[in-house]
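Work through the exercises below with the sequence and the model side by side. Each task is followed by its solution.

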Amino acid sequence: MHHVLVEQWSRGRSWLHRRDARAKLASLAVVLIAIGTIRIGAHVALAAYFALLLAATVAARLPVTSILLRAGTVLPFSGTFAVVSWLSGDPQRAIALVEKSYLSALAALILISTTPLPKLFAGLESLGVPRLINLVVQFLYRYLFVISEQAQHMRLASRCRGGGHGGFRAANQNRFQAAAGALAVLFARSYGRAEGVHRAMLARGFAGHFPLLAPARLSLADGGFFLSALAAAVLVRFVL
Amino acid sequence: MHIPDGFLATPVWASLDILALPCVGFLARRAQRETEETKLPLLGVMGAFVFAAQMINFPVGPGTSGHLVGGALLAATLGPAPAAIVMTAILALQALVFQDGGILSLGANVFNMAIAGVLAGYFPYRMLAGSSGASRGSRNLALFLGGFLSVLVSACLALIQLLLSGVAMPGGVLGLSLGLFVVSAALEGAITVAVVNAIDRLNPTWIKAPVRQPRRAFAWIGMTAMLLVVGGVLVASAAPDGIQSLANQTGIASQTQALLAAPLAEYQVRGLNSEWLRKAAAGLCGLILVYVSCIGLERLLRRRTAPGA
């Protein structure tokens, strides 16, 4: 699974990794709003944000090239719209679309690669995200890879039985029905798994939230980090 | 279509974030009421199921295939409020962890896919398959319409938001993307019908038959609102050049440079100084009002009809 890499990165020990999730989330919000509201054509300011984010990546001892490449997953989408914008005579906007979406994705990626997910979700909850949604997101993430693996096994099994072949219309219809059946089976297995998970949780005394190994505390360094991020974002936004 | 950050104009993403927050809060409370604590892991695992379902390809024609999006399927199996929560969780995870869709534009994506998309998928089901004696044919029709509308409404809303933000799309591109949306919406409808029927064969209790309540009128209102959204985009695509040039001239985006300095209300007024844009924004606001009042009325009526509950 490609995502496992980010989880490995998030277990680093740098100064940025050790900051409280809430401070990092608030800083991310500030940076995203600053980037999101900047005027079209503010290339210098956007370059400054890029430099800041790059500095954060280096400071967190993250693999710079991989981070920069991974943030590019947004480019196919924004690139398509940029080409359309460019062709319809608005090249400035086209460039801005690519710049802004890439920088925003990079900022979010740096947060997620420096914050282990349990800490991130605990931070989100103490910032006021409804408990139900927070729990559902965490369950989703926990079982995402399990269910995906099951889906992959089913796909492989169907290929082994010859499911990927044929091309006539009748065969096509059969394959459509077979895919629907496969999804129904996956649904049934997920349903059963959810019931099993719930029983196991009850047996272990689940009290309504996932506990953290160490309670998160805001330190002076966290406050300092947020204030410096705020100052840098605002300074670049209004001076450059 | 997950809108990344940097695409939407500030008033668009800010107002949709502000709108989505109370909606999600309301849905979360309602989902918590509807699903017992025992079902809590179910919502998460169902989200993982929808994620994983993208790996199973449905053949469409030679060389092409599609996959399940899931809004209507979730609405038919879990009920509308839990389905909306599951979709919200999926979108939040995609934005936070997988960089698929922006964080500031999460409100817009949640509104398009988790709120409007799930409701659009649920309304036909509620109207046509409402009674327990509904025939198989009408249930299939309802499921197809649900899948079809949920994808089409989400896509049209995303297009409207992009156009309002001044992202230029010439008529040809708009027409082409609408055509693609209609095709993928029809595919989603067909997949929803096939999968729900297959689930029904495995265990009929997993399909939630909506109970008939005196709330059908609101379902009709909601349905009309959905159709208006789709109709609005179709009309817009008929005269896209006008929209595009207007959006470029008055583009909300280019005029909203000082978010941090001015309150939101001020620049909505300042930004919307063209007749057409004002109308479009008013239309969107009207639609949003219809949604909110639908939910409010529904709640009121529920309280009145079932004072004990």
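**Exercise 1.** Find the partners of A:Ala180 and classify its environment.

Solution. A:Ala180 touches B:Ile191, B:Ala194, B:Val195 and B:Ala198, not counting residues up to four places away in sequence. Contact here means C-beta atoms, placed from the backbone, within 7 Å. This is a predicted model, where local features need pLDDT of at least 70, side-chain atom pairs count only at pLDDT 80 or more, and totals for chains, interfaces and linings use all residues. Residues are numbered from 1 along each chain as its sequence is written, and chains are lettered from A and ligands numbered from 1 in the order in which they are written. Next, place the residue: A:Ala180 is found in helix H9 (residues 169-203) of chain A. Helices are DSSP runs (H or I, at least four residues), strands likewise (E, at least two), numbered from the N terminus. Last, A:Ala180 counts as buried because it has 23 C-beta neighbours inside 10 Å; the cut-off for buried is 20 or more, for exposed 12 or fewer, with partly exposed in between.

**Exercise 2.** Describe the side of chain B that touches chain A.

Solution. The contact takes 65 residues from chain B and 66 residues from chain A. On the chain B side, H2(B) gives the most, with 13 residues. The chain B residues divide into 47 nonpolar, 17 polar and one charged. Nonpolar covers Ala, Val, Leu, Ile, Met, Phe, Trp, Tyr, Cys and Pro; charged covers Asp, Glu, Lys and Arg; the others, Gly among them, are polar.

**Exercise 3.** Locate the residue that follows H8(A) and give its phi.

Solution. A:Gly162 follows H8(A). Its phi is positive, near 95°.

Definitions and conventions: Two residues are in contact if their C-beta atoms, placed from the backbone, lie within 7 Å.
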